[in-house]
Amino acid sequence: MAPTVTSVHESEPKVASIKTLAGSDALTSVPSEYAYIMDPNDKGDANDPEHSIPIIDFALLTSASPDERAQMIQKLGKACQEWGFFQVINHGVPESLMKQMIDACQRFFELPEVEKKEFHTKNLLDPIKCGTSFNVAIDKVRLWRDYLKVIAHPKFNSLYKPAGYSEVSLEFSKRTRAVATEILNGISESLGLEADYITKAMNWDRGCQILAANYYPACPQPDLAIGIPPHTDHGLVTLLIQNDMCGLEVKHNDQWVLVNAAPGSFIVNYKSIWHRATVNNTSTRISIAVPHGPALDTPAVPIPDLLEKEGEKAKYIGMTYEKFMELQASPAAYMMPCLDHLRVKDN
Ligand code: OGA
Ligand code: NI
C-alpha cells in the first residue's frame, strides 16, 4: 500500500534521529539539547551482586507439581511486592526468536531516514510509529534514543520493511503474550484470587500489546546524556528483552540498581516502579519493551474483593486504560509517575 502523507507531518519539529546524530564522525561530545546533568546522589549503584532483581523460574510457575507451583507463586508475589521488577527464566520462548526480533528492529532503525518517514505520525494510538527522544514537541532535554512502537494486539499490525520483520514480530508477540498471561495468572493466585481473575477483569482477550523497541547508540559522554529519564510505565505487565548491552536501572529502596539479566531471560515490570535507561560509550544498545495492558475501554480499578478482604478503602480512582495512556503521554505528566494523579486525596 502506498504510504499516505498528510499535512500533520509538515508541522512536526524536524529533529534528526539519534542514530544519524551519533553516527556522525564529528561527534565527540553531547550537543547541548541532549545534556542531561544527573544529580551525583542519583547515580546508579551499578554492580552490587547482592542487590539484583529476583529471578522467577517459569518452568516451576507452570509446573504440574502443585508444590513447585505454589512455591514459585509465593516467590512471585514477594518479588512483586518488594521489587515490582523481576527476571523470568526457563520461559520456553527460544532465545533465537528473541535475537531475530532484536535483529529485525535493528534493521528497521538502520533504514535510511527517508524510508522511516512514513511512520513519523503523531497520535498516541497510531498502530505504527517511530521517532526520536520522547516527544520532541515537549521534551525539555532530548533523549539519546530512537523508538519504534507497533501495536500487536488486539489487532496485529506490522511493517512491510525491513524484510522479515512482520513474520518474526507475529511469532514473538504471540509467544511473549502467552508468557505474560501465565505471569498474570500467577500474580492473581499470589493475591489469593482465582488464576484468571486479573485477565478476566481486564478483558485480556481484547488487551493491548505494544512492541516498543528502543535504539540507544553509543554516546561519547554517557554521563552527560540519558536514554530514558526516570519514569513509570503504563502497562499491566511489561516484558523487556535487550541485546547484549545492559542499561536499565530500577529504583529499589531509594537506590538505582542496574538490571543485569541472564541472556535469554525476560525482564518483567509489574508495579508502577521508577526506572530509567542509561547509555554507554561502547556500542549500540537495543531493547524491546512489550507492555501488555487491559483492553483500551476497560477501567482499571483497585480489586474490590481485595479491598473488602483487607477492610480497606480504595487508594486510587479508576480510569480506562486508554485515558491512562493519554495521561501518561500528556505534557502535564511528563516523565512523572502517572499513578500519582489517580491517588485518592484524603486517604
Ligand atoms: C521503556 C523503558 C528501558 C530500557 O521503554 O519504557 O523503560 O531498558 N525502557 O530500554
Ligand atoms: Ni519504561
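1. The nickel ion (ligand 2) is coordinated at 2.1 Å by His 231 through NE2, Asp 233 through OD and His 275 through NE2, where donors are N, O and S atoms within 2.8 Å of the metal (3.2 Å for Na, K and Ca), and where water is not among the atoms, so sites may look incomplete. Along the chain these donors follow the spacing H-x1-D-x41-H. The pair Asp 233 and His 275 links distant parts of the chain, 42 residues apart, with Asp 233 in the loop between β6 and β7 (237-242) and His 275 in strand β11. His 275 counts as buried because its relative accessibility is 5%, given that buried means under 20% relative accessible area, exposed over 50%, and partly exposed in between (1.4 Å probe, protein chains only).

2. This is a predicted model, in which local features need pLDDT of at least 70 and side-chain atom pairs count only at pLDDT 80 or more, whereas totals for chains, interfaces and linings use all residues. Residues are numbered from 1 along each chain as its sequence is written, chains are lettered from A and ligands numbered from 1 in the order in which they are written, and side-chain values use heavy atoms, with hydrogens and water left out.

3. The residues around ligand 1 include the nickel donors His 231, Asp 233 and His 275, together with Asn 214, Tyr 216, Ile 228, Leu 240, Leu 248, Ala 277, Arg 285, Ser 287 and Ala 289; a residue is near a molecule or strand if one of its heavy atoms lies within 4 Å of it. By class, this shell has 6 nonpolar, 4 polar and 2 charged residues, with Ala, Val, Leu, Ile, Met, Phe, Trp, Tyr, Cys and Pro counted as nonpolar, Asp, Glu, Lys and Arg as charged, and the others, Gly among them, as polar. At least two residues of the shell come from each of β5 (208-216), β6 (228-231), β11 (275-277) and β12 (285-293), and β12 supplies the largest share, 3 residues. Helices (H or I, at least four residues) and strands (E, at least two) are DSSP runs, numbered from the N terminus.

4. Polar side-chain atoms of Asn 214 and of His 231 each lie 3.1 Å from an oxygen atom of ligand 1, and one of Asp 233 lies 3.2 Å from an oxygen atom of this ligand. Taken alone, ligand 1 exposes 290 Å², of which the protein buries 91%; accessible areas come from the Shrake-Rupley method with a 1.4 Å probe, and for residues only the protein chains shown count as cover.

5. Two cis peptide bonds deserve a look: one joins His 153 and Pro 154, with omega about 10 degrees, and another joins Lys 161 and Pro 162, with omega about 0 degrees. Pro 154 is placed in the loop between β4 (146-153) and α7, and Pro 162 also lies in the loop between β4 and α7.

6. As for backbone angles, Asn 90 has a positive phi of about 55 degrees although it is not a glycine, and it lies in the loop between β2 and α5. Asn 90 counts as partly exposed because its relative accessibility is 47%. Asn 253, likewise not a glycine, has a positive phi of about 50 degrees and sits in the loop between β8 (248-252) and β9 (255-258); at 65% relative accessibility, Asn 253 counts as exposed.

Terms used
A polar contact is a pair of N or O atoms within 3.5 Å; within protein, one must be able to donate a hydrogen and the other to accept it, and residues adjacent in sequence count only if both atoms are side-chain atoms.
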